[in-house]
Amino acid sequence: MTYLRPEFRHPQLPVNELGYSRKDYEGALSTLCAGCGHDSISAAVVQSMFEMSIEPHRVAKLSGIGCSSKTPTYFLGKSHGFNSVHGRMPSVVTGANMANRDLIYLGVSGDGDTASIGMGQFAHAVRRNLNMVYIVMNNGCYGLTKGQDSATADVGSCSKKGEPNKFEAIDLAGVALELGATFVARSFSGDKDQLVPLIKAAVSHRGFAFIDVISPCVTFNNNPGSTKGYEFVRDHLEATGTVDFVPMREEITACYPNQTSEEVTLHDGSVVHLCKMDDKLNVRSRNSAVERMKNYKDRGRILTGLLYMDPDSQDLHDSIDSSKKPLRQLGEKELCPGVAVLQNINDSLR
Amino acid sequence: MSGIPARTPVVNDLVVKFANVNGTGSASANNLFAKALFRMGLSVSPKNIFPSNIQGLPTWYEVRVNDQGYLARREGVDIMVSVNPQSMAKDVREVKPGGYFIYDNSKPLDLRLMRDDIDFIGLPLTRICLEEYKDARQRQLFKNVIYVGAMAALINMDFSVLTDLIADQFKGKEKLIAPNVHALELGFQYAKRNFTCPLHVTVESRPMGDYILVEGNDACGLGAVYGGATMAGWYPITPSTSVVEAFEKYCKRMRIDPGTGKKNFAIVQAEDELAAMGMVIGANWNGARAFTATSGPGISLMSEFLGLAYFAEIPAVLIDVQRAGPSTGMPTRTQQSDVLACAYASHGDTKHVLVFPSTPKECFDMTAQSFDLAEQLQTPIIMLTDLDLGMNDNMSEPFEWDENRTYQRGKVFNAEQLESMSERFGRYLDVDGDGIPYRTYPGTHPTKGAFFTRGTSRDEYAVYTEDGEEYVANMERLLKKFETAKSYVPAPVITRANAKANAPVGILHFGTSMHATLEAVDLLAGEGIAADTCRIRAFPFADEIVDFINSHEQVFVVEQNRDAQMRTLLVNECDLDPRRLNKVLNYNGMPITARFVADAVSAVVNKSSGSQRKKAAAAKA
């Protein structure tokens with residue numbers, strides 16, 4: 001268990017615009033290993049939703065199977081959750097989203113859940129531009145079954161067992177870009193300052209927002225020789241820049257001298273402000289993102305931060321031209337054509 | 001010397017079979033033929049016998065016609081219309097003695113095919129088309145219409161019915177009416193001029209009953225519209241594809257919002273059947289009525305999600321249009337061989353509610369009802385139809401709907417109910433003692449009613465637990481819910497030979513085995529064997545089914561699979577002595593016939609009465 005949380009909270013905890021305190025966005029106590037990167041990501045989700053003043057029950061949190069997929073229990077306790085089957089979260093979110101387009105869909109998955117057993121569903125949710133946030137808690141190994149390499153483990157990376165991985169790694173951010181994801185970011189569980197604005201931007205984005213979060217497994221993959229351990233990742237990180245998420249109608253105040261900056265306005269009017277450290281990256285260009293990621297990879301570096309976004313994207317509801325009113329709110333009046341129509345159909349079949 | 005048996009005129013009792021090449025436009029001409037007979041007030045049961053192929057392979061269309069209401073397939077072809085040289089040898093063999101073989105004599109017939117017990121009728125289809133039409137496509141298409149015209153003369157069909165149908169068919173494309181009617185006349189006149197018309201088998205109009213002619217899959221799609229489905233996740237697979245296509249067709253006509261022009265439905269073609277089922281579960285979890293349609297191979301893939309939906313208690317509607325065989329099997333042939341795979345789909349202790357329609361009307365009714373059942377029982381409802389019902393035009397009673405009917409959405413707490421609740425919401429609490437708990441939709445209330453849906457074991461408040469007693473209590477409640485389901489699902493339909501007493505023979509059947517079974521009862525009566533029937537329409541089995549079995553001396557279960565799956569399910573679930581249930585199994589992929597059922601039943605009855613006679617004789621001696 002990560003930590004023991006006191007039930008008692010200070011009565012004057014700060015509240016957000018809705019009057020909710022951070023506690024209203026927390027979930028049950030985590031049962032993951034102490035120091036697990038996933039818990040930091042859960043905390044970043046809590047912080048993002050709290051700061052964005054999102055009503056907790058307007059979020060639906062869904063996951064597959066694995067350590068990462070357990071985390072929805074540990075955040076947003078007032079939201080409906082769905083811990084589905086291994087690798088199949090994307091299809092469940094697809095159906096849920098079709099039923100009610102008004103909720104925020106937060107999908108949580110792991111590298112096994114997405115890059116192996118769930119690769120097909122992941123790919124197709126991306127290409128349909130399903131309106132959801134998809135976070136992969138990526139530790140390069142299978143935790144619950146005790147440390148086998150996953151498909152995102154780098155070639156030559158050693159897990160705790162010491163055997164170097166022989167197979168090429170699947171770079172999920174690269175795959176998402178290739179398949180047409182309209183928002184792609186990469187982050188590190190230990191970098192909350194970067195992760196929180198990315199999650200906020202992903203929530204505001206209309207379409208498939210993918211965040212690959214490197215999240216070290218303290219028990220099975222945090223050893224020398226692992227390329228997904230805390231030490232290695234901290235030493236090899238390079239950020240695309242500093243990301244600020246500015247909610248709708250708020251003035252952009254972030255300012256970093258001597259750096260190129262780029263602003264992207266989202267469909268809800270909020271703005272993503274990127275102070276770039278790498279001025280060769282153009283976050284509105286898919287090709288630029290692919291090129292920069294490769295460039296860093298070739299140099300043994302991990303590029304994190306916002307990689308690509310298309311703020312004008314059409315989500316699945318737009319593509320199929322479905323009702324603006326959530327389908328689940330339609331009743332007999334809208335749905336059942338009635339007796340007279342049926343009589344005509346009968347007549348046409350005679 | 002002719003070997004043709006003596007012929008006496010036969011009215012309204014024949015089987016006509018068309019042997020065509022796949023992809024040559026024969027289907028619409030053959031449909032025209034069948035529909036004309038339907039409009040003449042006759043009972044028709046067309047069967048499309050097609051290959052798993054797009055173009056070029058043999059395909060057949062078989063139409064049985066009678067005026068006694070029999071809709072099962074019948075063995076023995078009276079008239080074969082052969083337009084496909086590839087299958088000619090086989091087609092000649094299939095004609096029953098005294099029958100007719102109609103062929104395209106533009107080329108000479110292979111003399112080795114000749115039989116002396118049937119008549120060969122040569123129609124110069126290719127030659128007529130070469131003379132009449134310039135365009136190659138027209139030459140091919142009208143060939144089909146010409147043989148329908150010739151058939152009209154040969155069996156004395158009402159020609160105006162055909163021309164009326166053509167007019168209906170091409171409403172909006174009037175230019176096409178005249179050439180089609182002309183083609184019909186070419187065939188009709190040729191036959192009149194060259195042969196003695198009509199043949200000894202003819203048809204005669206009867207008053208038209210209140211029936212429709214429609215594919216079961218079309219009825220399922222329409223039932224989903226009326227039943228309030230708003231979402232379909234699906235993956236194409238024969239023979240279920242046309243279910244979702246029909247849903248889309250009707251939705252486009254009847255589900256476009258008049259104000260906004262937007263669609264009051266969402267159809268997502270999934271990447272595979274796993275995802276199709278996942279979408280259906282996600283949508284139902286979120287409060288929409290969603291369904292999918294598939295066939296056997298899809299059931300295998302969907303099993304994982306079916307287990308989740310059973311255990312986490314999520315509504316779902318699944319239409320399984322069964323095809324033949326394990327693995328890919330015979331994808332374009334019919335069977336009832338997914339009974340066990342559906343009843344117990346997925347690992348662990350799992351069982352599912354099944355419904356079995358027999359007619360398009362029942363496809364419509366049961367599809368619509370399945371959405372109520374799924375939400376009332378909070379579990380997947382699997383409707384088992386098959387290729388024969390789904391993809392063939394079936395005569396059926398017309399569709400009906402009660403204008404005052406409302407959707408039964410089951411036990412769902414809304415925001416007001418949650419607001420007024422003082423106790424903690426327990427998703428899996430058996431509040432009413434019927435095993436069915438209450439659920440909430442995501443996003444209902446800011447602080448109350450949220451819960452975590454999971455495939456792991458949990459307590460009554462949906463909190464993860466590995467406590468054995470909690471697990472057992474939950475599984476027992478699921479059994480109780482399954483017992484409750486008996487009172488919700490469609491009841492069996494029982495027919496009795498004698499209203500006052502049970503016949504010695506009882507025949508259980510379901511789905512598309514109905515037509516053959518009911519006709520077999522008449523055949524058996526002719527042999528002096530009285531039989532009652534019980535049509536199973538749902539699983540879990542109603543108590544009446546067990547009573548029916550217990551109250552008949554000799555019991556038969558008719559089904560279209562090798563392993564007697566329904567019988568196994570009955571034995572297993574009702575704790576029956578397997579020796580009480582005789583198997584009647586047809587599983588060659590062709591729809592079961594009445595003769596097959598009657599012969600199987602009478603063989604057992606006669607054998608046992610024979611041995612009883614022997615015993616009695618031995619006792620006397």
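Here is an informal walk through chain B of this predicted model and the place where chain A touches it.

**Chain B as a whole**

Start with the overall build. Chain B contains 19 helices and 23 strands. Its radius of gyration is 27 Å, close to the 25 Å that the globule rule gives for 621 residues, so chain B is as compact as a globular protein of that length. Along the principal axes, its C-alpha atoms fill a box of roughly 90 × 85 × 40 Å. Buried residues account for 51% of the 621 residues. If you take the contacts in chain B between residues at least 6 apart in sequence, 76% of them join residues at least 24 apart.

**The six-stranded sheet**

Chain B has an open sheet of six strands with mixed pairing, in the order β3-β4-β2-β5-β6-β7. At the edges stand β3 (43–49) and β7 (119–123), each with a single partner strand, so one side of each has no neighbour in the sheet. On average, neighbouring strands here are turned by 15° against each other, direction ignored.

The edge strand β3(B) runs antiparallel to β4 (residues 58–66) of chain B, and seven bridges join the two. If you want a landmark in the structure, look for B:Asn48, which stands opposite B:Tyr61 in β4(B). Helix α1 (residues 26–39) of chain B lies across β2 (13–21), β3 and β4, at about 5° to β4(B).

**A helix with plenty of cover**

Next comes α6 (residues 177–194) of chain B. At 1.5 Å a residue, its 18 residues should span 26 Å, and the end C-alpha atoms are indeed 26 Å apart. Several of its residues are buried, including B:Leu184, B:Leu186, B:Phe188 and B:Ala191. Their cover includes α3 (125–132), α4 (136–154) and α5 (159–169) of chain B.

**The seven-stranded sheet**

Another open sheet in chain B, also with mixed pairing, has seven strands in the order β11-β10-β12-β13-β15-β14-β21. Its edge strands are β11 (266–269) and β21 (538–539), each of which pairs on one side only. Strand β10 (residues 231–234) and β11 of chain B pair in the parallel sense over four bridges; B:Ala232 has B:Ile267 as its bridge partner in β11(B).

Two helices lie across β10, β11, β12 and β13 of chain B. One is α8 (residues 241–254), which runs at about 150° to β10(B). The other is α9 (residues 273–285), at about 160° to β12(B).

**A covered strand**

How many of the six residues of β19 (residues 505–510) of chain B are buried? Six of the six are. B:Val505, B:Ile507 and B:His509 are buried on one side, and B:Gly506, B:Leu508 and B:Phe510 on the other, so to speak a strand covered on both faces. The alternation fits a general pattern: in a regular strand the side chains alternate between the two faces of the sheet. β19(B) runs parallel to β20 (residues 531–536) of chain B, with six bridges joining them, and B:His509 has B:Arg535 as its bridge partner in β20(B).

**Backbone oddities**

A few spots in the loops of chain B are worth clicking on:

| Residue | Backbone feature | Loop in chain B |
|---|---|---|
| B:Pro239 | cis bond from B:Thr238, omega near 5° | between β10 and α8 |
| B:Pro540 | cis bond with B:Phe539, omega about 10° | between β21 and α17 (543–550) |
| B:Ala564 | positive phi of about 55° | between β22 (554–559) and α18 (565–574) |
| B:Asp575 | positive phi near 55° | between α18 and β23 (581–585) |

Neither B:Ala564 nor B:Asp575 is a glycine. Are these two residues buried or exposed? B:Ala564 counts as buried because it has 22 C-beta neighbours inside 10 Å, whereas B:Asp575 is exposed, with 8 other C-beta atoms within 10 Å.

**Where chain A comes in**

Finally, the interface. Here 48 residues of chain A are in contact with 56 residues of chain B. On the chain A side, the elements that each supply at least two residues are β2 (80–83), α3 (89–99), α5 (119–127), α11 (332–335) and α12 (339–348). α3(A) gives the most, with eight residues. By class, this side of chain A has 20 nonpolar, 18 polar and 10 charged residues.

The two chains also share strand pairing: β2(A) and β17 (residues 452–454) of chain B pair in the parallel sense over three bridges. There, A:Phe82 stands opposite B:Thr453 in β17(B).

Notes:
Residues are numbered from 1 along each chain as its sequence is written. Chains are lettered from A and ligands numbered from 1 in the order in which they are written. This is a predicted model: local features need pLDDT of at least 70, side-chain atom pairs count only at pLDDT 80 or more; totals for chains, interfaces and linings use all residues. Two strands pair if DSSP finds at least two bridges between them. Two residues are in contact if their C-beta atoms, placed from the backbone, lie within 7 Å. Axes are lines fitted to C-alpha atoms, for helices over the stretch in contact, and angles run from 0 to 180 degrees between N-to-C directions. The radius of gyration is taken over C-alpha atoms; the globule rule is 2.2 Å times the number of residues to the power 0.38. A residue is buried if 20 or more other C-beta atoms lie within 10 Å of its own, exposed if 12 or fewer, and partly exposed in between; C-beta atoms are placed from the backbone. The expected span of a helix is 1.5 Å times one less than its number of residues. Ala, Val, Leu, Ile, Met, Phe, Trp, Tyr, Cys and Pro count as nonpolar, Asp, Glu, Lys and Arg as charged, and the others, Gly among them, as polar.
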